[in-house]
Amino acid sequence: MTRWPAIAKDVAAFPVQPNMPDYDAARRDFSWDQAREELAGLPGGRGLNIAYEAVDRHVAEGRGGREALRFIRADGGTRSLDYGDLAEQSGRFAAVLRALGVGRGERVFSLLGRSPELYAAVLGTFKNGSVFCPLFSAFGPEPVRQRLHLGAGRALVTTRALYRKKVAPVRDSLPELRHILLADADGTPEPGTLDLAALLSRADPIGEVAGTQPEDMALLHFTSGTTGTPKGAIHVHGAVAAHYATGRFALDLHPEDVYWCTADPGWVTGMSYGIIAPLVHGVTAIVDEEELDADRWYRILADQHVTVWYTAPTALRMLMKAGAERAAGHDLSALRFIASVGEPLNPEAVVWGQEVLGLPVHDNWWQTETGGIMIANYPAMDIRPGSMGRPLPGIEAALVARDADGKAVVTDGQAVLVTEPDTMGELALRPGWPSMFRGYLNEEERYRRCFAGGWYLTGDLAKRDADGYFWFVGRGDDVIKSSGHLIGPFEVESCLMEHPAVAEAGVIGVPDPVAGEVVKAFVELKPGNQPSEALQLEIIGFTRKRLGAAVAPRLLDFTSTLPKTRSGKILRRLLKARELGLPEGDTSTLEAPAGPAPGLGKEQP
Ligand code: ATP
Ligand code: MG
């Protein structure tokens with residue numbers, strides 16, 4: 001991989017001193033027990049509940065008047081909920097669930113845009129001791145049915161339009177689904193549904209948060225479906241210790257922050273870092289009710305004085321494509337930290353942040369299964385562009401050797417670790433951190449297969465350099481085997497993006513009788529560039545010079561849009577299936593071809 005110069009940090013010049021000034025010292029001194037002690041716990045030692053840590057604790061400690069959530073409406077206007085409002089509204093939602101007989105451990109689903117009702121429903125569900133499962137509002141009826149069925153959804157909160165379009169057609173096949181609450185029924189719910197606002201207005205907020213225990217299930221999250229059928233990952237209340245610690249170290253949250261996570265709560269990032277971590281830290285969280293739009297986003301960053309911004313590579317690439325001039329004229333001086341997750345972050349994007357936004361972008365890595373950030377670039381640590389950073393305090397990460405079939409090598413019950421620097425292995429984590437998933441719903445065997453020789457296997461391939469920085473290579477299934485070389489698509493895609501005409505690229509391996517596989521690139525051009533044979537050859541030549549003939553793409557097609565998941569990840573498996581004329585597999589999370597650009601948010605009903 002072309003190594004870009006490191007970006008050095010001058011901590012003394014920071015406007016706010018970082019929570020973790022010294023990475024090595026923090027790793028040495030940290031313990032999960034200590035992180036747990038910093039949580040409040042339920043009064044009277046009754047247990048641990050995420051909603052109490054996120055909301056009621058602040059009210060009990062006199063911070064009820066602090067602004068918790070600031071919603072940005074389509075017209076740019078705002079509406080806010082303070083911690084006191086949120087405590088009350090979630091208490092009412094819990095009371096409604098109680099009155100309906102929705103019990104501890106039973107599943108409450110949402111199919112909603114990013115509206116205040118969603119946030120009250122999440123926290124109210126926790127307060128009732130029930131389990132929350134957010135669905136992304138742009139899902140079609142079949143993905144909605146599948147997930148409600150798999151999760152045995154007891155109650156669903158949605159809107160009239162979404163109900164009509166996506167739930168009514170499949171309702172008869174969901175006998176377990178007892179209650180459908182419409183957030184916008186306005187006095188006239190659809191037949192067979194309930195008017196949420198009316199129920200809330202009649203309810204008295206519950207007095208006491210349910211006495212859940214750290215190992216009680218709190219959340220069910222479906223994975224993105226990038227590699228196949230989405231899996232339902234089970235998470236517990238005790239995970240909040242990890243949301244707290246990672247919010248502190250990897251996002252550097254301080255109570256006075258105005259923080260914006262652009263992910264939709266339908267995905268784990270929007271839940272762990274759009275709701276739980278910021279509220280536990282008592283910050284003000286921005287929620288944009290609309291979709292990605294370059295001018296709108298720059299306006300929000302500037303007008304709302306966002307200090308910490310957590311976004312995704314797909315969004316950053318979109319802003320890059322829109323052109324640096326769009327950022328000009330917006331005062332981004334409040335911004336002090338930018339982080340990204342979800343896909344590999346091309347070094348180009350890290351450096352673009354520095355040049356256009358005045359700050360580099362800090363990549364971090366985690367998955368639905370890990371429940372929280374595991375590897376990150378931190379404010380006080382130099383960035384090596386293209387690296388995911390180093391493991392969080394309390395997290396032990398390693399690379400496990402794989403055999404020719406891609407299976408982890410285990411001898412005498414211990415996984416064989418790759419210790420040589422810059423050598424590829426499967427990224428693995430030592431189990432035991434609080435937000436680790438506790439299972440895949442109804443898929444015990446699949447869960448068991450994630451562990452080998454004392455490690456949790458992530459399915460991703462990575463390298464580690466001599467200083468302990470991790471470098472993403474690719475998902476296990478995406479790696480290309482060509483003439484004896486193992487090629488990670490990320491390296492090739494990042495190189496393609498360095499070409500001035502390229503906006504975005506997806507790279508796959510296609511079968512070849514001689515080489516086994518050859519590298520094929522699908523390239524989206526920046527506005528103002530036309531596909532041509534000359535450009536095709538030029539881009540291939542450009543990558544050959546940098547990567548060498550063995551790694552550079554042999555084939556290159558131009559495309560106007562790369563297939564992506566609703567959360568904005570490039571679906572390489574679909575590029576491959578289409579290229580080879582194979583069945584497309586599970587496409588429930590595929591972004592609608594005509595839909596708004598990266599699917600970070602809700603669909604317009
Ligand atoms: P599925 O498991 O259903 O195929 P998914 O793995 O995309 O979908 P998520 O849990 O949302 O579902 O995504 C986690 C994955 O995203 C990681 O395993 C990794 O492959 C990728 N990822 C996340 N962050 C990064 C990052 N910073 N760099 C590289 N890859 C990342
Ligand atoms: Mg996955």
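# Exercises: cavities and a ligand site

Three elements, β10 (258-261), α10 (268-280) and β11 (284-288), each supply at least two residues of the lining of the largest cavity. The model is predicted.

**Exercise 1.** Describe the largest cavity by volume, lining and residue class.

*Solution.*
- Step 1: take the volume. The largest cavity has about 140 Å³.
- Step 2: list the lining. There are 22 residues, and those nearest the centre of the largest cavity are Arg 114, Trp 260, Cys 261, Thr 262 and Ala 263.
- Step 3: sort the lining of the largest cavity by class. It holds 14 nonpolar, four polar and four charged residues.
- Step 4: set this in context. The structure has three cavities of 30 Å³ or more.

**Exercise 2.** Work out between which domains the second largest cavity lies.

*Solution.*
- Step 1: start with its volume. The second largest cavity has about 50 Å³.
- Step 2: go through the lining. Among the residues that line the second largest cavity are Arg 317, Glu 343, Phe 490, Met 497 and Arg 572.
- Step 3: assign elements. α15 (489-497) and β26 (502-512) each provide at least two lining residues of the second largest cavity. The top contributor is α15, with three.
- Step 4: sort by class. The lining of the second largest cavity has five nonpolar, one polar and five charged residues.
- Step 5: conclude. Domain 1 (1-49 + 237-393) and domain 3 (480-603) both give residues to the lining of the second largest cavity, so this cavity lies between them.

**Exercise 3.** Find which residues come nearest to ligand 1, then trace its polar contacts.

*Solution.*
- Step 1: pick the nearest residues. Ligand 1 has 20 residues around it, and Gly 225, Thr 226, Thr 227, Asn 364 and Thr 368 come nearest.
- Step 2: apply the cut-off. A polar contact needs N or O atoms within 3.5 Å.
- Step 3: check the backbone. An N or O atom in the backbone of Gly 225 sits 2.6 Å from an oxygen of ligand 1. For Asn 364, a backbone N or O atom is 2.6 Å from a nitrogen of ligand 1.
- Step 4: check the side chains. Thr 368 has a side-chain N or O atom 2.5 Å from an oxygen of ligand 1.
- Step 5: gauge the cover. Alone, ligand 1 has 630 Å² of accessible area, and the protein covers 95% of that.

**Exercise 4.** Place the shell around ligand 1 in terms of strands, classes and domains.

*Solution.*
- Step 1: name the elements. After the cover of 95%, turn to β14 (361-365) and β23 (470-475), the elements that give two or more residues to the shell around ligand 1. β14 gives the most, with three.
- Step 2: sort the shell around ligand 1. It divides into five nonpolar, nine polar and six charged residues.
- Step 3: conclude. Domain 1 (1-49 + 237-393) and domain 2 (396-429 + 443-477) both give residues to the shell, so ligand 1 lies between them.

Note on methods. Residues numbered from 1 in each chain as written. Chains lettered and ligands numbered in written order. Predicted model: local features only at pLDDT ≥ 70, side-chain atom pairs only at ≥ 80, totals over all residues. Heavy atoms only, no water. Near = heavy atom within 4 Å. Polar contact = N/O pair within 3.5 Å; in protein donor to acceptor, adjacent residues only side chain to side chain. Areas by Shrake-Rupley, 256 points an atom, 1.4 Å probe, with all protein chains shown as cover. Helix = DSSP H or I, 4+ residues; strand = E, 2+ residues; numbered from the N terminus. Nonpolar A, V, L, I, M, F, W, Y, C, P; charged D, E, K, R; others polar. Domains from an automatic or database assignment. 1 Å grid on protein atoms, 1.4 Å probe; cavity = no way out; pocket = protein on both sides within 12 Å on 5 of 7 lines; lining within 4 Å. Points joined across faces, edges and corners; volume = space filled by probe spheres on them.
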